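Q: Please examine the model shown below and explain the grounds on which its residues and its overall form are described as they are.

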Amino acid sequence: MAAVFPEATDTATPAVDDGMITTSDHPQQPSDILSLSPVQLQRLPHLTDFLPNLKTFTNPLDHNQFFHPSDGFYLTPSDVVLRQIVYHVSENFASPPPPNLAYHSAGPRKEIFFDPNCVRAAVVTCGGLCPGLNTVIRELVVGLWELYGVREIFGVRAGYRGFYCGEPVPLDPKLVHNWHKKGGTSLETSRGGFDLQKIVDAIEGRCFNQIYIIGGDGTMRGAVEIFNEICRRKLNVAVIGIPKTVDNDIGIIDKSFGFQTAVEMAQQAISAAKVEAESAVNGIGLVKLMGRSTGHIALNATLSSRDVDCCLIPENEFYLEGKGGLFEFFGDRLKQNGHAVLVVAEGAGQDIIPRTDAQKEERDESGNLVFLDVGGWLKSELKKWWKREHPNEGLLTVKYIDPTYMIRAVPANATDNLYCTLLAHSAIHGVMAGYTGLVAGPINGTYAYIPLEEVAVTKNLVNTGEHKWAWVRSITNQPDFLRT
């Protein structure tokens, strides 16, 4: 099927070609002609929006010994990625379907808007650690250096505050050569420290003209403010966000880098909890995993390990006492098997853990509510319940494992390392093409450029009404925790 897409603000309705559908009942039956949703191409900000007279340059990949550009090598504004690729086809739509959003495909362009000899690129990591941070930094440096011939690349230390506190670190391929083998970030990171005027003043004062910001949703919101201030000042500076969240809670993109490594490491913690539970009298292995607002790590680790008896996530409320509650479920499971494994995301149950007035107001450096330890609370409540309800049935052993810092501090696995490389190179190509205020990431398996403002406000929550959560419950046989 071919579709021609108009300018970014227009919409188009792709037609479906006639074809042959083969089924067991009706072989070689001509297909119906379907009218799908109109396609709306999301417009990307570009430096020429406020600097219309910028000079263009031929992409140096034309002369790179490792590339042989041919037809189709360079992408154009007509190359797009559709956000929705699965449709429910019905004969009649009750109302006109909403437009299907499309995004510009990521990759090299024939013309670029930066002279590589004049580029001063800055790379900063913000927020918590995540597997793959050092890989992204390494590939940004190597990609800028080897693909485009950029020689002035700097690392900003300690997050956003590093722009105006301390000196940037010169980076080159030799320095970062083995960084992908190490966990954490060699540039150091921190939360908070966001002072918009000081940051943009430092960017302007140090003559940076490409800013690569690696961080989570809070960092992306900060990047939006930086981008808007740079536009207001009409600076020739491109800003791109590279989404980093081990929780996988950033929306639109397929997944965040480091997520698969985190799930893999979480399985090791679950396996240890399983051994501890099986080796004790009335043993419960309790594992707390990362996930403030979403339970993707807990969900995927549960599905992968098959050793979990109950999985608790922020998107699905639960209760302890009464019919259908957590205590009743674990009482039955211990009676049947003599042991059980409980996995809980850190953001689950926060609304039912008792808090003091001071705890209700406590915030971290990023302004987020400080969560209480749901794992420690569950361990305490389980022990109280057993002592109260089963005084004559022997011991209850609860082994609590919190692998948070172990998981987020490890190097990326092979899959995430590859992902980080493609992500970094996609970011470089987009910035060199003059795009700004954007995020690079995969949509339905194809790398695309997404407006930064759109990513900053979109969450990736677990939909407990879809098949994946039902699959979890079918494996664990846990209750739905809906009060009757």
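**Reasoning from values to terms**

A: In this predicted model, alanine 158 lies in the loop that runs between strand S10 (152–156) and strand S11 (169–170).

Q: What makes the phi of alanine 158 worth noting?
A: Alanine 158 is not a glycine, and its phi is nevertheless positive, at about 65 degrees. Most residues other than glycine have a negative phi.

Q: Which sign does the phi of isoleucine 252 have, and where is the residue placed?
A: The sign is positive, with phi of isoleucine 252 near 75 degrees, and this residue too is other than glycine. Isoleucine 252 is found in the loop between strand S13 (238–243) and helix H5 (259–278).

Q: Why is isoleucine 252 called buried?
A: The relative accessible area of isoleucine 252 is 12%. Buried means under 20%, and therefore isoleucine 252, at 12%, is counted as buried.

Q: How do you know whether asparagine 100 is buried or exposed?
A: Its relative accessibility is 2%. Because the term buried applies under 20%, asparagine 100 is classed as buried. Asparagine 100 belongs to strand S7 (residues 100–105).

Q: What surrounds asparagine 100, neighbours within four places in sequence left aside?
A: Asparagine 100 is in contact with Ser37, Pro38, Val39, Gln40, Leu82, Arg83, Gln84 and Tyr87.

Q: What makes the approach of asparagine 100 to glutamine 84 a polar contact?
A: The side chain of asparagine 100 reaches the backbone oxygen of glutamine 84 at 2.8 Å. The cut-off for a polar contact is a pair of N or O atoms within 3.5 Å, so the distance of 2.8 Å satisfies it.

Q: Why is lysine 182 called partly exposed?
A: The relative accessibility of lysine 182 is 43%. Buried means under 20% and exposed over 50%, so a value of 43% falls in between and lysine 182 counts as partly exposed.

Q: Where does lysine 182 lie, and which residues does it contact beyond its neighbours within four places in sequence?
A: Lysine 182 sits in the loop between helix H2 (173–176) and helix H3 (196–205). With those neighbours left aside, lysine 182 is in contact with Asn134 and Pro411. The side chain of lysine 182 also makes a polar contact with the side chain of serine 186, at 3.3 Å.

Q: How far apart are lysine 182 and lysine 234 in sequence and in space?
A: Lysine 182 and lysine 234 are 52 residues apart in sequence, and their C-alpha atoms are 38 Å apart in space.

Q: Why is asparagine 316 called buried, and where is it placed?
A: Asparagine 316 has a relative accessible area of 16%, which is under 20%, so it is buried. Its place is in the loop between strand S15 (310–312) and helix H7 (326–337). Not counting residues up to four places away in sequence, asparagine 316 touches Thr464, Trp469, Asp480 and Phe481.

Q: What is the secondary structure of the protein, and why is the protein described as being as compact as a globular protein of its length?
A: The secondary structure comes to 13 helices and 19 strands. The radius of gyration is 26 Å, and the globule rule gives 23 Å for 484 residues; the two values are close, so the protein is as compact as a globular protein of that length.

Q: How many of the residues count as buried, and what share of contacts joins residues at least 24 apart?
A: Of the 484 residues, 53% count as buried. Among contacts between residues at least 6 apart in sequence, 78% join residues at least 24 apart.

Conventions:
Residues are numbered from 1 along each chain as its sequence is written. This is a predicted model: local features need pLDDT of at least 70, side-chain atom pairs count only at pLDDT 80 or more; totals for chains, interfaces and linings use all residues. Side-chain values use heavy atoms; hydrogens and water are left out. Helices (H or I, at least four residues) and strands (E, at least two) are DSSP runs, numbered from the N terminus. The radius of gyration is taken over C-alpha atoms; the globule rule is 2.2 Å times the number of residues to the power 0.38. Buried means under 20% relative accessible area, exposed over 50%, partly exposed in between (1.4 Å probe, protein chains only). Contact means heavy atoms within 4.5 Å. A polar contact is a pair of N or O atoms within 3.5 Å; within protein, one must be able to donate a hydrogen and the other to accept it, and residues adjacent in sequence count only if both atoms are side-chain atoms.
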